[in-house]
Amino acid sequence: MESGPGCELNGSIDISCTPEDVWSFLGDFEDVEAWASSITSSYRTTGPDIGVGSRRTVRYRWVLRLEEAVTEWTEGQKLTYSVFGAPTPFRDFHETWSVAPSPGGATVKARVRYNLSLGLVGRLLNRVLLKHILRFEVWAGLRALKKHVETHSPLAPSLDDRASF
């Protein structure tokens, strides 16, 4: 994972399930709290059930509540959403999640892009605090998705199948 001058963070993780299995969870935009450990609740507010225009409200464990809307959707592969009314010091905030086949199953990539307000103060906050918190959240989200998919996928081995003697 890296961060650059354009306020962007990237991460990826390999998951031992098919891309279709991963997408069944990742593409359920309304039910993100089922696997994202930092989200305590989420629900669709307006728009279609899936795809561009779908909006949800999410509440994070630290009491932050955000409105998010899908701005890009490629069924079975990728979704991008934007935060509306992003809290200060964020001017805007966008997150993209994608899944692709890999030799061991699927690779999931997460990308966070944002711009800050507050000029020099915003840049200092980013350097000292924000990018570190966001980097942690991206990694935590990727790991939580992996754990959830690998333990809840209908094609994942059962616990009995994993045991070896």
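**View 1. Strands S7 and S8 make a hairpin.** Just 2 residues sit between S7 and S8 in this hairpin. The two strands (a strand is a DSSP run of E, at least two residues, and a helix is a run of H or I, at least four, all numbered from the N terminus) pair in the antiparallel sense over 12 bridges, with S8 covering residues 105-116. Pairing here takes at least two bridges found by DSSP between two strands. Look for Thr96, which stands opposite Arg111 in S8.

A quick note before moving on: this is a predicted model, where local features need pLDDT of at least 70, side-chain atom pairs count only at pLDDT 80 or more, and totals for chains, interfaces and linings use all residues. Residues are numbered from 1 along each chain as its sequence is written, and side-chain values use heavy atoms, with hydrogens and water left out.

**View 2. S7 also pairs with strand S6.** Strand S6 (residues 78-84) runs antiparallel to S7 (residues 90-102), and 5 bridges join them. One pair to find is Lys78 with its bridge partner in S7, Ser98. This is a hairpin as well, with 5 residues between the strands, and Gly85 in the turn has a positive phi of about 65°.

**View 3. Arg91 of strand S7 meets Leu116.** Arg91 counts as exposed because its relative accessibility is 57% (exposed means over 50% relative accessible area, buried under 20%, partly exposed in between, using a 1.4 Å probe and protein chains only). Its side chain reaches the backbone oxygen of Leu116 at 3.0 Å. Arg91 and Asn115 are 24 residues apart in sequence, yet 5.3 Å apart in space, C-alpha to C-alpha.

**View 4. Ser38 sits in a loop and counts as buried.** That loop runs between helix H1 (19-26) and strand S3 (39-46). Ser38 counts as buried because its relative accessibility is 8%. Leaving aside neighbours within four places in sequence, Ser38 is in contact (heavy atoms within 4.5 Å) with residues including Tyr60, Trp62 and Glu137. The side chains of Ser38 and Glu137 make a polar contact at 3.1 Å; that term means a pair of N or O atoms within 3.5 Å, where, within protein, one must be able to donate a hydrogen and the other to accept it, and residues adjacent in sequence count only if both atoms are side-chain atoms.
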